[in-house]
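Biologist: I am new to this structure and should be grateful for a close look at a single part. Please take one residue as the starting point and then proceed to whatever else helps to build a picture.

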Amino acid sequence: MKEGSFLEIPTQRKPILLFDDECAVCRHIAHWVIELARSKSGEDCLIVHPIGNDPELLRSLNPDLNIWDAYETIHVLMPDGSMKLGGEAIAEVLRNLPNGKWFTWTLAVSVLGFRPFQAMLNLAYSILADVRPLFGCESCGTPGAWVKPIMWALHWAKTTFGGSRHPSPTTHFTSLPTARRQPMPVTGERPPQAGLF
Amino acid sequence: MAGNNSNDSIQTVTGSTFSPLVLEGQGPIVVEFMSYGCAHCRTIEPVLQQVAEMVKPKEKFFRVNVAVEPELAERYEIQGTPTLMMFLDGNGVGRIEGPNPQVSSVLTAVSQPYES
């Protein structure tokens, strides 16, 4: 399994799973997939790669791939130039895992044009994507409406009974994990300790 | 949504281009400190593109990816993303953190420091 730079992908003959390397949950899942994707012969079944920060490099893999979209939803880039997103991407990953093929046929089962198992997988992905911020991930997106009350409750509990681990979910702002913590400045004003101007 | 393509109204600056483009730049310059993995930055991106187009003749817009340029983020004490900093002839004249992702709010935020 390769997990290197884009320059190490000379030609795309295997599906490429892109993951958000700023998200701890995504990193764990990606490493889990890397372990599972190694076949008995030692050959890699798919390439797992962080999204990174270069929009042009992503475009070189697929001209239709937008870096903002890549961070928003899981993407699998197919060798034929197509892209699988969300639950469909998960299904494609499972299809390519040596131990996942035995049950992935169920995902193709269609009842009057409706694929119930794929729909369940899509739903499971949506729920996982929504709850990622609950695990302390600050780069996992704006929490869904149904997750916000849980985040507020966790935030209240953390600030009441211990140190605050979760950022306030009430601003349009993602705190940098490396930044020194200061009181949030009033909108339109510089921080009191900025000392630059 | 622009991601550094030909429709992108906001140019990305790096540690090496920040000084010539921003600090030595003439007139009003707005710098967005952002990262592609930040959901709030994604939300505000189309708004910023729109505002950048609206103020284009008068103000220049740049972005700094804090994931790539942590030194710049540290130098300007960026607490989180998105943070907009307004420069006038190379001098900082204002900043706003996590602006409301509406055109009117962002337009006000990037125009107000230059009105006085």
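Modeller: Let us begin with A:W68, which belongs to helix α3 of chain A, a helix covering residues 67–72. The model is a predicted one. Around A:W68 there are 19 other C-beta atoms within 10 Å; a residue needs 20 or more to be called buried, so A:W68 is classed as partly exposed. From the C-alpha atom of A:W68 to that of A:R95 the separation is 26 Å, and the two residues are 27 apart along the chain.

A second residue of chain A may be set beside it. A:V33 is part of helix α1, residues 24–37 of chain A. With 22 other C-beta atoms within 10 Å, A:V33 is buried. Apart from its neighbours within four places in sequence, A:V33 is in contact with A:L17, A:V48 and A:V93. Its C-alpha atom is separated by 9.8 Å from that of A:I47, which is 14 residues away along the chain.

Chain B offers a view of a sheet. Its 5 strands form an open sheet with mixed pairing, in the order β1-β3-β2-β5-β6. Strands β1 (11–12) and β6 (91–97) of chain B each have a single partner strand, so they stand at the edges and one side of each is left without a neighbour in the sheet. Within this sheet of chain B, strands β2 (residues 28–34) and β3 (residues 60–65) run parallel and are joined by 6 bridges. B:V31, for instance, has B:F62 in β3(B) as its bridge partner. Helix α1 of chain B (residues 15–23) packs on the sheet and touches β2, β3 and β5 (83–88) of that chain, its direction making about 160° with that of β3(B).

Methods. Residues are numbered from 1 along each chain as its sequence is written. Chains are lettered from A and ligands numbered from 1 in the order in which they are written. This is a predicted model: local features need pLDDT of at least 70, side-chain atom pairs count only at pLDDT 80 or more; totals for chains, interfaces and linings use all residues. Two strands pair if DSSP finds at least two bridges between them. Helices (H or I, at least four residues) and strands (E, at least two) are DSSP runs, numbered from the N terminus. Two residues are in contact if their C-beta atoms, placed from the backbone, lie within 7 Å. Axes are lines fitted to C-alpha atoms, for helices over the stretch in contact, and angles run from 0 to 180 degrees between N-to-C directions. A residue is buried if 20 or more other C-beta atoms lie within 10 Å of its own, exposed if 12 or fewer, and partly exposed in between; C-beta atoms are placed from the backbone.
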